[in-house]
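Visitor: I should like to learn how to read burial, salt bridges, helices and cavities from a model. Could we begin with a single side chain and work outwards?

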Amino acid sequence: MSAAGRVISAGIRRRKVQTLVVALATLMAVTASVLGAGLVAASDAPFDTAFARERGAHATVLYDAAQTDVQHLSSAAAAAAVASSAGPFAVASATPEIKGDAGYAPLTVVGRPGPDGPVDRLTLTEGTWATQPGQVVLNVDGEIFPELGLRLDFPQLPGKPTLTVVGVARSVTRSASAWVAPSQIAGLLPAGRPGGYQMLYRFRSAATAAEVDAGTAEVNAGLGPHAVAGVQSWLTAKEEADRNTALFIPFLVAFGLLGLIMSVLIVGNVVAGAVGTGIRRIGILKAVGFTPGQVVLVYIAQALVPAFAGIVMGVIAGNFLARPVMADAEQVYGSASLTIAPWIDLAVAAGAVLIVGLTAWATAWRAGRLRTVEAIAVGRTPRPGRGQRAARLTARLPLPRAVTLGLSRPFARPARALAMTTAVLFGAIAVTFALGLGSTLDHIMTARAHDVADVTVRPGEDSVADAATGIPSALSARPETKAFYGEGTTQMTIAGTPGFTNVIAFTGDASWGGYELLRPGLDGDIETWRNTGDACTEEVQR
Amino acid sequence: MPAPVIELSDVSRTYDEGPPALQDASLVIQPGEAVAILGPSGSGKSTMLNLIAGLDRPDTGTVTVDGTRVDQLNEAELTRLRRTKIGMIFQFFNLLDDLTVVDNIALPAQLAGMGRREAQSRALELLGNLDIKRHAKAYPGRLSGGQRQRVAVARALMNRPPLLLADEPTGALDHASGKDVGRLLNELNADGQTIVVVTHDEALAESCTHRTVRLLDGRISADTTTAARR
């Protein structure tokens, strides 16, 4: 081993704490950076990214099987506007009971032979695909909490079929609530009802609603007026996804960027500190015959070897920890298969090598250029001229001398003080941000839970009729009642709208319970109808 | 007459805004001499030694070591000069505490291009000569001050430099260890090694050198030869 190699290896082996600190700091920084960069990358138009990767359907069209047939739909797929299509898949709408609970909304169940295909490639997030009768794959974003092994009963259907959940999948446009093997659909149809077909289209041009409408019109040309039961444009799903993610993206991106900035600062500080403490050793190396260039190489290597170990472990840890984080991001973004792209691993690793190398180089280069006699004297003799004016000024302050001495130190090493201040600044931002976000989300969750009432009374089955009349009268009569309202909820599905819609009816002013009327009749989050027959115009138009 | 090993001509050095640490100093040292540079604290002794070793640069004047103008060399050239022509002993030893004794000693030779095995062999030979071979595999932190200074001497002699510079070599040692180091320097000089010792210690100067240069306020105030040691 060469002289430099021996010095490097001794420096790494014998300075275990320093080596460990550099390795750990790099590990944590790289882990945070992989996560941060992964989140930032995943937050870049998540719906569009997922839609492109999964070849989402520009239009999901539901046909009445009584009004059209498979041949007609197959030939419609050859329309000039169509770039690719999937289907026709048989569709049934069926309402399940789970463990005796019948309070579930109808499911749109599609018979598909597999999750792949030219359009709307489904991502299996759990389990396997339904290939046998009696099996079902639930949409992870559906109304039923997906759980492998869960049994869905359909007692109102002929033969009272039961489906067992064997898989969980995600469709970027939420093209169905659940999927079964094609042969299963017949068993999910009420007697004498033909059910429907689902066609998934990708059009050559579908950037605007007009283009989607034009494409849909072309494929549906020649069909009877009642053949089309519903059309879902990808723009509707995109709008909903973008609205849902708009709240989260700034936070996730901010967290990601904070992680990256903190990582750079921490690694820079640690490496600069580690090299900086070795200035006397640098002086000795120069005194025994190391050139300044050799000194710099020794210290870069001494920083890079533990850093490299930290980088490798950090990339592994980052990817490992990213799994649950990305799964949460998938949930938030309604997309699938979010992973850390290999370029992120490479970029973070290269960035870490660069930062460690540059910081070590800059510090060692500076130390290497010190006069040898000055470097050797570090720690034994004071260095003149640095921060003297600040020391004189702080000495005049009416504070204990120990404090005034400390106050002047940052001026003696302004670059180090600046780096430290920046690290503390971003640390404070991160903590404030995290605590503030947590607190805000708590408030939001409290408001959305609508459970601020001191007492919640749930009428039994026999007293539902009284809930509308008797209970309000009784409550109003009691002097300790400040305010109350009653609510009834149900769910409904609307053709052309993915998923289901919650409908809540109130008996009185519910604003104090966290419900807020934003813009009645327009596109506010809450629509109100006061009379029987009022139209849900906003939802229907979407 | 052989060419001098050291030649200082009108050398001055001032740090920051203070008074000159060394002023118009001229000095010639011939091969084989053992010279003590004496003086009170702040008289410029260490400054003179650092200028000779190329650890510092003069503001004015010239410094020549073994025929090379030290004051005109850049850092890399100075490093190469120190590797081959100058051995240095410091008051606080300046050993690398993460290398073993034998590795510390072998380092200058390896840097000068000697193979590791040959360097280790030479280092062990020196350790034997200095009677500390049993500590070859120890780390400096486990040795006494006197033993550490012997290691530093061995390291300084590793490349067989024509000049050995010692800056307060007994300053951090107890009396017995100090005498021991003085004896060692004396033996080295007896073998023909040129030695320059900076010290406060009159006894050390008397025991291991034959010439005394006295500094006062940055100027050479006396330069005397002790004939008895001749």
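**Reading a predicted model**

Guide: At 10% relative accessibility, B:Arg13 counts as buried. The terms are set by relative accessible area with a 1.4 Å probe and protein chains only: buried is under 20%, exposed is over 50%, and partly exposed lies in between. This is a predicted model, in which local features need pLDDT of at least 70 and side-chain atom pairs count only at pLDDT 80 or more, while totals for chains, interfaces and linings use all residues. Residues are numbered from 1 along each chain as its sequence is written, chains are lettered from A and ligands numbered from 1 in written order, and side-chain values use heavy atoms, without hydrogens and water.

Visitor: With which residue does B:Arg13 form a salt bridge?

Guide: A salt bridge is a side-chain nitrogen of Lys or Arg within 4 Å of a carboxyl oxygen of Asp or Glu. B:Arg13 makes one with B:Asp59, their closest N and O atoms being 3.3 Å apart. B:Arg13 belongs to strand 1 (residues 6-14) of chain B and B:Asp59 to the loop between helix 1 (45-53) and strand 4 (60-65) of chain B, so the pair ties together parts that are 46 residues apart in sequence. B:Asp59 is partly exposed, at a relative accessible area of 44%. The helices (H or I, at least four residues) and strands (E, at least two) that I name are DSSP runs, numbered from the N terminus.

Visitor: How many salt bridges does the structure hold over all chains?

Guide: The count is 16. One of them joins the side chains of A:Arg281 and B:Asp98, at 2.8 Å from N to O. This pair crosses between chains: A:Arg281 sits in helix 8 of chain A, and B:Asp98 in the loop between strand 6 and helix 3 (101-111) of chain B. A:Arg281 has a relative accessible area of 6% and is buried; B:Asp98, at 3%, is buried as well.

Visitor: How far apart in sequence are the parts tied together by B:Arg214 and B:Glu202?

Guide: Let us take the contact itself, then the separation. The closest N and O atoms of the salt bridge between B:Arg214 and B:Glu202 are 3.0 Å apart. B:Arg214 is in strand 9 (residues 211-216) of chain B and B:Glu202 in helix 7 (residues 202-208) of chain B, so the pair ties together parts 12 residues apart in sequence. B:Arg214 counts as partly exposed at 32% relative accessibility, and B:Glu202 as partly exposed at 42%. Salt bridges can also share partners, and those that do so here join A:Arg6, B:Asp103 and B:Arg116 into one network.

Visitor: Why is helix 3 of chain B described as largely enclosed?

Guide: All of its residues, 11 of the 11, are buried, so helix 3 of chain B is largely enclosed by the rest of the structure. Among them are B:Val101, B:Asp103, B:Ile105, B:Pro108 and B:Leu111. B:Gly113, with a positive phi near 110 degrees, follows helix 3 of chain B. As for the chain as a whole, its secondary structure comes to 7 helices and 10 strands, and 56% of the 230 residues of chain B count as buried.

Visitor: How many cavities of 30 Å³ or more does the structure hold?

Guide: A cavity is a set of points, on a 1 Å grid over the protein atoms alone, where a 1.4 Å probe fits but cannot get out; lining residues have an atom within 4 Å of a point. Points are joined across faces, edges and corners, and the volume is the space filled by probe spheres set on them. There are 3 such cavities, and the largest has about 130 Å³ of space. Its lining has 13 residues, with A:Ala287, A:Val288, B:Ile86, B:Gly87 and B:Met88 the closest to its centre. Helix 8 (279-288) of chain A and helix 2 (75-85), strand 6 (86-89) and helix 5 (145-157) of chain B each supply at least two lining residues; strand 6 of chain B gives the largest share, 3 residues.

Visitor: Which residues lie nearest the centre of the second largest cavity?

Guide: This cavity has about 100 Å³ of space. Of its 13 lining residues, A:Gln18, A:Val22, A:Ala274, A:Gln302 and A:Ala303 lie nearest the centre. Two or more lining residues come from each of helix 1 (3-14), helix 2 (16-42), helix 7 (248-276) and helix 9 (292-333) of chain A, and helix 9 of chain A has the largest share, 4 residues.

Visitor: Where does UniProt place the feature "transmembrane region" in chain A?

Guide: The unreviewed UniProt entry puts it at residues 247-275, 296-320, 340-362 and 417-438 of chain A; positions follow the numbering used here, feature names are shortened, and annotations may be inferred rather than shown by experiment. In the model, residues 296-320 of chain A are 100% helix and 0% strand, with end C-alpha atoms 35 Å apart. Residues 340-362 of chain A are 91% helix and 0% strand, with end C-alpha atoms 32 Å apart.

Terms used. 1 Å grid on protein atoms, 1.4 Å probe; cavity = no way out; pocket = protein on both sides within 12 Å on 5 of 7 lines; lining within 4 Å.
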